[in-house]
Amino acid sequence: MTKVAFIGLGVMGYPMAGHLQSKGHDVTVYNRTVSKAVAWFGHFGGQQVATPSAAAADAEIVILCVGNDSDLHEVTQGEHGVLQSMQPGSLLLDHTTASADMARRLAQACEARGIAFVDAPVSGGQQGAENGQLTVMCGGTPEAVSRAREVISCYAKAITHMGPVGAGQLTKMVNQICVAGVLQGLAEGMAFAMKAGLDTQTVIDAISQGAAGSWQMVNRHKTMIADQYEHGFAIDWMRKDLDICLQEAAANGSDLSITTQINDYYRELQQRGGGRWDTSALLKRLV
Ligand SMILES: NC(=O)c1ccc[n+]([C@@H]2O[C@H](COP(=O)([O-])OP(=O)(O)OC[C@H]3O[C@@H](n4cnc5c(N)ncnc54)[C@H](OP(=O)(O)O)[C@@H]3O)[C@@H](O)[C@H]2O)c1
């Protein structure tokens with residue numbers, strides 16, 4: 001049993017922290033909106049406290065799952081941040097999708113205090129978090145990543161050590177670049193099928209098991225045909241992720257011309273009020 005602090009009980013963090021407590025770890029949670037922490041405590045037990053630093057004070061491993069770089073700054077180095085109270089020898093494990101630079105900066109701040117750091121963004125969405133079937137990409141030393149595995153395995157089906165600090169975030173960027181391209185291709189294909197007068201469902205049934213098939217095609221075509229987007233992975237989050245990818249590409253010299261264009265399409269959908277729509281809503285621009 002490990003003494004764990006979990007900061008950020010959002011769509012992802014709430015079930016992830018629940019898996020840890022259900023599997024016998026001693027979990028203390030913090031959430032900015034207190035009602036979510038109270039609900040979590042009512043559901044799973046454990047402990048809930050008023051600040052990140054109170055949660056982290058005697059934890060062996062502190063886990064973060066917040067929104068972006070500036071949220072990370074606040075919960076780690078802000079007035080009540082976890083670095084105020086974490087003990088030397090403990091481990092900070094970050095599941096937020098953030099920049100690789102932020103991971104490196106956090107690792108440096110940790111190192112100065114004798115704390116290990118692992119960046120470990122996740123893939124698999126709300127369903128993966130609830131079912132304990134996430135895919136996790138880790139950056140850090142082999143020792144730190146192997147220590148992180150003991151808790152990550154409570155909610156993941158795949159854990160890969162990608163390299164030094166920042167390599168987890170860089171791998172997640174590759175994931176998001178690939179997903180954006182697949183979604184735009186799917187949207188264009190389905191819009192073409194509709195305009196060509198084909199039965200779109202029959203088209204998908206015919207092609208989804210072949211070379212054009214994808215997770216997005218299998219899991220999103222029905223809601224795309226029904227023009228339903230109030231679910232899934234929000235465009236606002238994807239914009240945040242693609243902005244991080246584009247910044248990194250500017251620094252490493254990658255050509256992300258298609259990703260840049262798709263990021264603009266998502267911006268257009270945000271301007272139409274679709275920030276919370278699922279990322280498959282790219283079809284809305286075309287039909
Ligand atoms: N949702 C997905 O399908 C998915 C999939 C893969 C990766 N991710 C990534 O995982 C991370 C979390 O996603 P999510 O869907 O769980 O987001 P979410 O539901 O919006 O939850 C965000 C959490 O962070 C907390 N938070 C944000 N800013 C904070 C601050 N400044 N101080 C303290 N707490 C703060 C929020 O507290 P409040 O409750 O007070 O707002 C909430 O607990 C993001 O980086 C996202 O990109 C999400």
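Which residue in β5 is the bridge partner of I63? Keep that in mind and open the predicted model.

**Stop 1: strand β4**

Select residues 61–64, strand β4. Show the side chains. I61 and I63 point to one side, V62 and L64 to the other. All four are buried, so both faces of the strand are covered; a residue counts as buried when 20 or more other C-beta atoms lie within 10 Å of its own.

**Stop 2: the neighbours of β4**

Add residues 91–94, strand β5. β4 and β5 run parallel and pair over 4 bridges. Here the opening question is settled: the partner of I63 is L93.

Now add residues 3–7, strand β1. This strand is also joined to β4 by 4 bridges, again in the parallel sense. Pick V4 and look across to β4: I61 stands opposite.

**Stop 3: the crossover**

Keep β4 and β5 on screen and select α4, residues 69–77. Together, β4, α4 and β5 form a β-α-β unit. Its hand is right.

**Stop 4: the ligand**

Stay with α4 and bring up the ligand. Which element gives the largest share of the shell around the ligand? α4 does, with 3 residues. β7 (122–123) and α6 (125–131) are also worth selecting, since each of these two, like α4, supplies at least two shell residues.

Next, select the whole shell. It holds 24 residues. Label the closest: G10, M12, R32, T33 and D71. Then colour by class. You should get 9 nonpolar, 11 polar and 4 charged residues.

**Stop 5: two domains**

Zoom out. Colour residues 3–164 as domain 1 and 170–285 as domain 2, following the domain assignment. Their C-alpha centres lie 29 Å apart. Where they meet, 9 residues of domain 1 are in contact with 10 residues of domain 2. On the domain 1 side, the touching residues divide into 4 nonpolar and 5 polar, with no charged residue.

**Stop 6: D227**

Last, go to the loop between α10 (215–225) and α11 (235–252), and select D227. Check its backbone: phi is near 55°, a positive value in a residue other than glycine. Most residues other than glycine have a negative phi. Is D227 buried or exposed? D227 is exposed, because 10 other C-beta atoms lie within 10 Å, and the cut-off for exposed is 12 or fewer.

Methods: Residues are numbered from 1 along each chain as its sequence is written. This is a predicted model: local features need pLDDT of at least 70, side-chain atom pairs count only at pLDDT 80 or more; totals for chains, interfaces and linings use all residues. A residue is near a molecule or strand if its C-beta atom, placed from the backbone, lies within 6 Å of it. Ala, Val, Leu, Ile, Met, Phe, Trp, Tyr, Cys and Pro count as nonpolar, Asp, Glu, Lys and Arg as charged, and the others, Gly among them, as polar. Two strands pair if DSSP finds at least two bridges between them. A crossover is right-handed if, with the strands pointing away from the viewer, the path from the first strand over the helix to the second runs clockwise. Domain bounds come from an automatic or database domain assignment. Two residues are in contact if their C-beta atoms, placed from the backbone, lie within 7 Å.
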